[in-house]
Amino acid sequence: MGIIVFAPIRISLFLVLLLAASSLADARGRLPKEIAGFDLQGISIYDEPGLGFSARYWMDEKEQKFDVYLYTAGVADLGSGVNDRVAQEFKSLFVQISEMERLGYYADVTDPQTGSGTINLDGSDVGFLWGRVQFRQTDKGREVTHVESQDIRSSYVFITAYQGRFLKVRYTLLSDDLEAGTDAFMAIMEDFERRFSQPELPLP
C-alpha cells in the first residue's frame, strides 16, 4: 500500500477506511445502529437522480457527527479509485466550505490540507483522496445549524470511486487538535468495521 500524507498519521487509518468502504458497498448492504458511541440518526434517500443516499451518525454528548455517502452524481462508468472526476468532486467539497465563509456562515477557514494514497482491494490498487480543514461557525451559521458552540471545528473527508459510485465519509468535531481528531476518526472507522460483521439495519 502506498501512502502520501500531510501530517504524521497511522497507516492503519487508511486500511480501516477502505475496509469499511468495501464492506459498506458489498451485497450485504447493512449498517449498524451505533458506531463508537455515535447513534444512527437516519438514512436519507435523495430524490434527485444520482445523489444516492447518506447515513448520519451523531453523538449528543460531544456534538459530533459523521456521514457516509454513496452516490453516482449522474456519472456513468465511474469505476474505482481516483480519476479526474473524483478529483473534481474532492475539490468541490472545499469550495463549498469557502462559499459558506463568503456567505457569512463560517469564519477563520483554514487552507485545506490534503493527502492521497493507494490500497490493494480485491487484487487491485484503489486510490483515494482525503483532506482536513478547520473553521469557526458564526452567529449567522448558528441560526441555521442550531449548534451553539463557536469553537474551532475540524472537518475530515475521505473520497474515492468504488464499484461505479462515489464513496465519501465526512467527520466533523469541535477540536483544533490534529492528532486527537485523527485518533477519533480512526476509532470511528475501526468500530464501523468491527460492528459491520453483525449487520443490524438494511440499507435502501
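Two strands are said to pair if DSSP finds at least two bridges between them. With that in hand, the predicted model can be read from one strand outward, beginning with a single tyrosine. In strand S6, the bridge partner of Tyr57 is Phe66. Tyr57 itself belongs to S5, and on another strand Leu40 stands opposite this tyrosine.

These contacts across the strands fit into a wider pattern. Strand S4, covering residues 38–45, runs antiparallel to S5, and 6 bridges join the two. S5 also pairs with S6, which spans residues 64–71; here the sense is again antiparallel, and the pairing extends over 7 bridges. S5 and S6 form a hairpin, with 4 residues between them. Within that turn, Glu63 has a positive phi of about 50°.

How much of S5 is buried? The strand comprises residues 53–59 and is mostly covered, with 6 of its 7 residues buried. As general background, side chains in a regular strand alternate between the two faces of the sheet.

Stepping back to the whole protein, the model contains 4 helices and 12 strands. Of the 204 residues in the protein, 44% are buried. The exposed surface of the protein amounts to about 10100 Å², of which carbon and sulfur atoms supply 48%. Contacts also reach along the chain: among those between residues at least 6 apart in sequence, 60% join residues at least 24 apart.

Definitions and conventions:
Residues are numbered from 1 along each chain as its sequence is written. This is a predicted model: local features need pLDDT of at least 70, side-chain atom pairs count only at pLDDT 80 or more; totals for chains, interfaces and linings use all residues. Side-chain values use heavy atoms; hydrogens and water are left out. Buried means under 20% relative accessible area, exposed over 50%, partly exposed in between (1.4 Å probe, protein chains only). Contact means heavy atoms within 4.5 Å. Accessible areas come from the Shrake-Rupley method with a 1.4 Å probe; for residues, only the protein chains shown count as cover.
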